[in-house]
Amino acid sequence: MKKLIFTLIFSVMLLDISAQKQNFDATKTAIEAKLKAVDGVFAVAFKDLQTGKTLFINEKENFHAASTMKTPVMIEVFKQAKAGKFKLTDSILVKNEFKSIVDGSPYSMDIADDSGDGMYKQIGKKMTIYDLTYQMIIVSSNLATNILIDLVDAKNANQSMRALGAKDIQVLRGVEDQKAFDKGLSNTTTAYDLMLIFEKIAENKVIDKKSCEEMRKILFDQKFNEIIPEKLPKTVKVAHKTGSITGVQHDSGIVYLPDGRKYVLVLLSKKLKNADAGVKVLAEVSEMIYESVK
């Protein structure tokens, strides 16, 4: 009798798993169809951190990282602070002169190209390393980013990504290094690598638990919420980092459901002919993912 009951329970479980798989396969097919309706190239990487279930579309394709590279820079800042190279409360000078990785020639940032324009009022003053990191993430300040890259070195951030298992992401330089851009030296990423990074932040596997908690706290304050959070209920919280340049719209982060479950979602795009259409369709993909797991 016990054997029969066990067999019945096991059979029901198998049927449930099969039904879930079919439902998720249908979601992926629907997402692919929706993305095909918009001119551009897209990538999706999703992982349910409870079940391990994944959904991938072009997850290993390289994209210009845009401001998603600021998450690796934040990680490197916290890593070096933990190692005692400086304290997050230390203050450093806000400057607007940087060196090209091509030949060391100087260049400056243009306030017109920086969403974190409030930072330019701080030039010549001092800010804490934590506040610079906060501005780099929540309003995507390019000026703060370059100051921090000068502090920690892009090569170190890149090496830290390899240590986390992200094999393809490339953190080469700061922002607006035109000579480097002209030579094809740009920061790049894959949806898969960003997924790995955010998964480790979510599971307290970057540096230590306290560092991950502090990084998530910053990511929760993201001011650009037009993609992953846009169509989700207000009770759903998202710790994330966006990125955009001409033809590119990205979002990447950790989605927290009200019942305590969480998942990582990365949405990348390039070659967009209509940026607004790209943002809209990615927000709809985020909603579709949420509906499939809620």
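Start with the contact of helices α2 and α4. Select Lys70, Val73, Glu76, Val77 and Gln80 in α2; they meet Asn142, Thr145, Leu148, Ile149, Leu151 and Val152 in α4. Sorted by class, the residues where α2 contacts α4 are 6 nonpolar, 3 polar and 2 charged. The model on screen is a predicted one.

Now show the two helices whole: α2 covers residues 70-82 and α4 covers residues 142-152. Their axes are 10 Å apart, and the helices pack at an angle of about 45°. Angles of 65 to 115 degrees would count as roughly perpendicular and those under 35 as roughly parallel; α2 and α4 are therefore oblique to each other. Looking along the contact, α2 passes α4 in a left-handed crossing.

**Helix α3 against α8**

Next, select residues 129-138, which form helix α3. Add helix α8, residues 209-220. The axes of α3 and α8 come within 9 Å and cross at roughly 45°. That angle makes α3 oblique to α8. Here the crossing of α3 past α8 is right-handed. To see the contact, show Tyr130, Thr133, Tyr134, Ile137 and Ile138 on α3, with Glu214, Ile218 and Leu219 on α8. The contact of α3 with α8 divides into 6 nonpolar residues, 1 polar and 1 charged.

**Helix α7 against α8**

Keep α8 on screen and add helix α7, residues 191-202. α7 and α8 pack at an angle of about 115°, and their axes are 9 Å apart. Which residues of α7 meet α8? They are Phe198, Lys200, Ile201 and Ala202, and their counterparts in α8 are Cys212, Arg216 and Leu219. By class, the contact of α7 with α8 has 5 nonpolar and 2 charged residues, and no polar ones. Leu219 of α8 is thus listed in the contact with α3 and also in the contact with α7.

**The sheet**

Hide the helices and show the strands. An open sheet is formed by 5 strands in the order β2-β1-β11-β10-β9, with antiparallel pairing. At its edges are β2 (54-57) and β9 (237-245), each of which pairs on one side only. From one strand to the next, the twist averages 5°.

Bring back α8: this helix packs on the sheet and touches β9 and β10 (248-256). The direction of α8 makes about 65° with that of β9. Then select helix α9, residues 275-293, which lies across β1, β2, β10 and β11 (262-270). α9 runs at about 155° to β11.

**Two strand pairs**

At the β2 edge, look at β1, residues 41-48, which pairs with β2 in the antiparallel sense over 4 bridges. Select Ala45 and find Phe56 of β2 standing opposite.

Move across to the β9 edge. How many bridges join β9 to β10? There are 9, and the two strands run antiparallel. Click Lys237; its bridge partner in β10 is Tyr256. Follow β9 into β10 and you pass through a hairpin with 2 residues between the strands. In that turn, select Gly247, which has a positive phi of about 80°. While side chains are displayed on the strands, recall that in a regular strand they alternate between the two faces of the sheet.

**The annotated span**

Last, select residues 44-268, which UniProt lists in an unreviewed entry as "domain: Beta-lactamase class A catalytic". This span is 32% helix and 21% strand. Its end C-alpha atoms lie 7 Å apart.

Conventions:
Residues are numbered from 1 along each chain as its sequence is written. This is a predicted model: local features need pLDDT of at least 70, side-chain atom pairs count only at pLDDT 80 or more; totals for chains, interfaces and linings use all residues. Side-chain values use heavy atoms; hydrogens and water are left out. UniProt positions are given in the numbering used here, feature names are shortened, and annotations may be inferred rather than shown by experiment. Two strands pair if DSSP finds at least two bridges between them. Axes are lines fitted to C-alpha atoms, for helices over the stretch in contact, and angles run from 0 to 180 degrees between N-to-C directions. Contact means heavy atoms within 4.5 Å. Angles under 35 degrees count as roughly parallel, over 145 as roughly antiparallel, 65 to 115 as roughly perpendicular and the rest as oblique. A crossing is left-handed if the near helix is turned anticlockwise from the far one by less than a right angle, and right-handed if clockwise. Ala, Val, Leu, Ile, Met, Phe, Trp, Tyr, Cys and Pro count as nonpolar, Asp, Glu, Lys and Arg as charged, and the others, Gly among them, as polar.
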